[in-house]
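Student: I would like a close look at one part of this model. Please take it piece by piece.

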Amino acid sequence: MNQKPTIFVVEDDSTLQELYTYSLENEFNCQIFTYGDEFFKAISPDNLPELVILDVMLPGDSGFTILSRMKENKLLSNIPVIIVSAKGEEVSKVKGLNMGADDYISKPFSVMELIARIRANLRKVTKTETNIIAYKDVSIDLSRHKITIGEERIQTTLKEYNLLRMLCENAEEVQTRDNIFDEIWGGEFAGESRTLDIHIKELRKKLSAAGSKAEIETIRGVGYMLT
């Protein structure tokens with residue numbers, strides 16, 4: 001079953017909060033935040049939005065400050081951002097786009113325009129493979145070939161890296177031994193069951209040593225699953 005895309009909105013105006021909630025709820029999982037601190041507290045590797053809508057004028061941190069913090073965070077830097085501000089504020093529009101925002105919409109806006117902008121930016125994302133795979137506190141940077149647990153980088157062999165990547169991409173889904181051998185070893189060594197067990201054992205040690213919340217569970221007689 002396809003899940004609704006998750007949209008995080010940072011907006012302090014209660015009327016606009018209701019507008020976002022009721023206009024987006026049929027198509028998106030919409031979560032509303034009044035302050036930047038609330039927004040960042042809600043973020044975790046297993047609770048990431050597909051798109052963020054940021055008002056510029058907010059109590060506490062401004063939309064620009066939140067945008068800057070997002071771009072410095074490895075989990076959030078590639079998430080598309082739509083900046084929202086009062087009509088005619090050309091300077092805000094230019095500043096937001098220069099800081100890395102993906103789109104801009106002026107108040108007042110129509111619901112149809114808002115939804116069209118969201119859909120367009122989500123389509124851009126689906127055309128580009130994400131560089132980060134994340135589950136719980138495990139983050140795999142595909143472009144840098146780097147695995148981090150929380151803020152700690154862990155060193156792995158190539159086979160261990162590919163194995164953890166496969167498990168992370170399919171987290172909470174059982175991966176059969178045969179599928180793992182086909183994916184990681186190209187079907188080679190399928191008869192050498194202990195080869196896989198050794199790699200799983202080493203990965204478990206490294207996850208445990210880094211204090212990871214993720215665990216590799218053995219599904220007896222079938223395979224393994226990241227939980």
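Tutor: What follows covers one sheet, then a pair of rings.

The model is predicted: local features need pLDDT of at least 70, side-chain atom pairs count only at pLDDT 80 or more, and totals for chains, interfaces and linings use all residues. Residues are numbered from 1 along each chain as its sequence is written, and side-chain values use heavy atoms, without hydrogens and water.

Start with the sheet. It is open, has 3 strands and runs in the order β10-β12-β11, with antiparallel pairing. Strands are DSSP runs (E, at least two residues), as are helices (H or I, at least four), numbered from the N terminus. Two strands pair if DSSP finds at least two bridges between them. The edges are β10 (175-176) and β11 (216-219); each has a single partner strand, so one side of each lacks a neighbour in the sheet.

Now take β10. It is joined to β12 (residues 223-226) by 2 bridges, and the two strands run antiparallel. Thr 176 sits opposite Gly 223 in β12. Helix α6 (residues 158-169) packs on this sheet and touches β10, β11 and β12. Contact here means heavy atoms within 4.5 Å. The direction of α6 makes about 70° with that of β12. Such angles run from 0 to 180 degrees between N-to-C directions, with axes fitted to C-alpha atoms, for helices over the stretch in contact.

Next, the rings. The whole structure holds 6 aromatic pairs. In one of them, the ring centres of Phe 8 and Phe 33 are 5.1 Å apart and the planes meet at 65°, so this pair is edge-to-face. Rings of Phe, Tyr and Trp (its six-membered ring) pair with centres within 6.5 Å; planes under 30 degrees apart are stacked, over 60 edge-to-face, the rest tilted. Phe 8 belongs to β1 (residues 6-10) and Phe 33 to β2 (residues 29-33), so the pair ties together parts 25 residues apart in sequence.
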